[in-house]
Amino acid sequence: MEASICTVCGTQFQPSEAPPPRCPICTDARQFVPRAGQGWTTLGRLQHTHFTTMREQEPDLIGLGMAPKFAIGQRALLLRTSSGNLLWDCISLLDPATMQAVAALGGLAGIAISHPHYYTTMVEWAQAFGCPVHLHAADRKWVMREDPALRFWDGETNTVLPGVTLIHAGGHFAGSTVLHWRDGAQGRAALLSGDILQVTPDGNVSFMWSYPNLIPLDAATVTGIAERVGRYRFDRIYGGWWGKAVDRDGPEVVRRSAERYVARLAGQRPD
Ligand SMILES: [Zn+2]
Ligand SMILES: [Zn+2]
């Protein structure tokens, strides 16, 4: 039996005789099933068709992506601390070369994932490195492959390593989480936001219920996200894709971005 991976969202399912009849992550209104239909692959096949790219983003923060682009195309982040490494978000590919490279960096003390679109092959990663995966309990129904390594947390924050705190933000998914890294940005702190706060080309952030289908969030939710994140001090924001980052004044960028979003929802716009 093989564990099928959805080629549209990258999610790996429980091992089965045949691929699942559908992918609930993709039939959800936030995602989509392509006109050509659902496609499936396996980790074994991905190891032949793709490779992992690793690039330092700043000291102690290494990006991990897949080439060529696969499924949603996000890149994960490996965060190094003196108490161990944490993988923030995840990618579908895990091959011997990646395992070796991550092991050489000290392995993983844990994995934390912003929302179900990046759950991918989290169970493979957890088994390979013998570490837990921290997921917000509000998104539990989106887990397609159960494993004892999955740790569901509830509430507003969860400090998973010293100086590494998960913040429940909500919005895109009920359990959407961002990560505050106290020692990031040379001690000025950084926020790893996935697409819960999506870094935009003009250096601000935005918030959506569905990105591919362009369905926005309501004003109260956006204000709530900005308020929860705004309690923290941080300089940089790292979004979920290569090159998506805000360099300075993170909380002010979030405040300003939420304000302009809510103003548009209320029908106000600049001349
Ligand atoms: Zn899918
Ligand atoms: Zn998403």
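How many bridges pair strand β18 with β19, and in which sense? The two strands pair over two bridges in the antiparallel sense, with I237 of β18 (residues 236-239) standing opposite V246 in β19. A word on the setup: this is a predicted model, with local features needing pLDDT of at least 70, side-chain atom pairs counted only at pLDDT 80 or more, and totals for chains, interfaces and linings using all residues. Residues are numbered from 1 along each chain as its sequence is written, chains are lettered from A and ligands numbered from 1 in the order in which they are written, and side-chain values use heavy atoms, with hydrogens and water left out.

Strands and helices here are DSSP runs numbered from the N terminus (E, at least two residues, for strands; H or I, at least four, for helices), and two strands pair if DSSP finds at least two bridges between them. The β18-β19 pair belongs to an open sheet of six strands with mixed pairing, in the order β10-β11-β12-β13-β18-β19. At its edges stand β10 (157-161) and β19 (245-246), each with a single partner strand, so one side of each has no neighbour in the sheet. As background, strands of a sheet pair through backbone hydrogen bonds, either parallel or antiparallel.

Earlier in the chain comes a run of antiparallel pairs. Strand β3 (residues 51-58) is joined to β4 (residues 61-67) by seven bridges, and E56 has I62 in β4 as its bridge partner. Next along, β4 and β5 (residues 76-81) run antiparallel with four bridges between them, G63 being matched with L77 in β5. Then β5 pairs with β6 (residues 84-88) over five bridges, again antiparallel, and L78 has its bridge partner in L87 of β6. The link from β5 to β6 is a hairpin through two residues.

The backbone has a few oddities in and around these turns. Most residues other than glycine have a negative phi, and most peptide bonds are trans. D60, in the β3-β4 hairpin with its two residues between the strands, takes a positive phi near 70°. D60 is also partly exposed, at a relative accessible area of 37%; on this scale buried means under 20%, exposed over 50% and partly exposed in between (1.4 Å probe, protein chains only). L214 is another non-glycine residue with a positive phi, near 50°. L214 sits in the loop between β16 (208-210) and β17 (215-216) and is exposed, with a relative accessible area of 64%. The peptide bond from A67 to P68 is cis, with omega near -10°, and P68 is in the loop between β4 and β5.

Now for the metals. Donors are N, O and S atoms within 2.8 Å of the metal (3.2 Å for Na, K and Ca), and since water is not among the atoms, sites may look incomplete. The zinc ion (ligand 1) has four cysteine SG donors, C6, C9, C23 and C26, lying 2.3 Å from it, with the sequence spacing C-x2-C-x13-C-x2-C. Among these donors, C6 in strand β1 (residues 4-6) and C23 in the loop between β1 and α1 (24-27) are 17 residues apart, a pair linking distant parts of the chain. C6 is buried, at 0% relative accessibility, and C23 is buried as well, at 0%. The angles among the four donor atoms run from 102 to 116°, which makes the site tetrahedral: four donors earn that label if all angles lie between 85 and 135 degrees, while square planar (four) or octahedral (six) requires opposite donors over 155 degrees apart and all others between 65 and 115, and anything else is irregular.

The zinc ion (ligand 2) is coordinated by H115 (NE2), H117 (ND1), H172 (NE2) and D195 (OD), at 2.1 to 2.7 Å. Its four donor atoms subtend angles of 95 to 156°, so the arrangement is irregular. Along the chain the donors are spaced H-x1-H-x54-H-x22-D. H115, from the loop between β7 (110-112) and α4 (122-129), and H172, from the loop between β11 (164-168) and β12 (177-181), tie together parts that are 57 residues apart in sequence. H115 is buried, with a relative accessible area of 0%, and H172 is buried at 2%.
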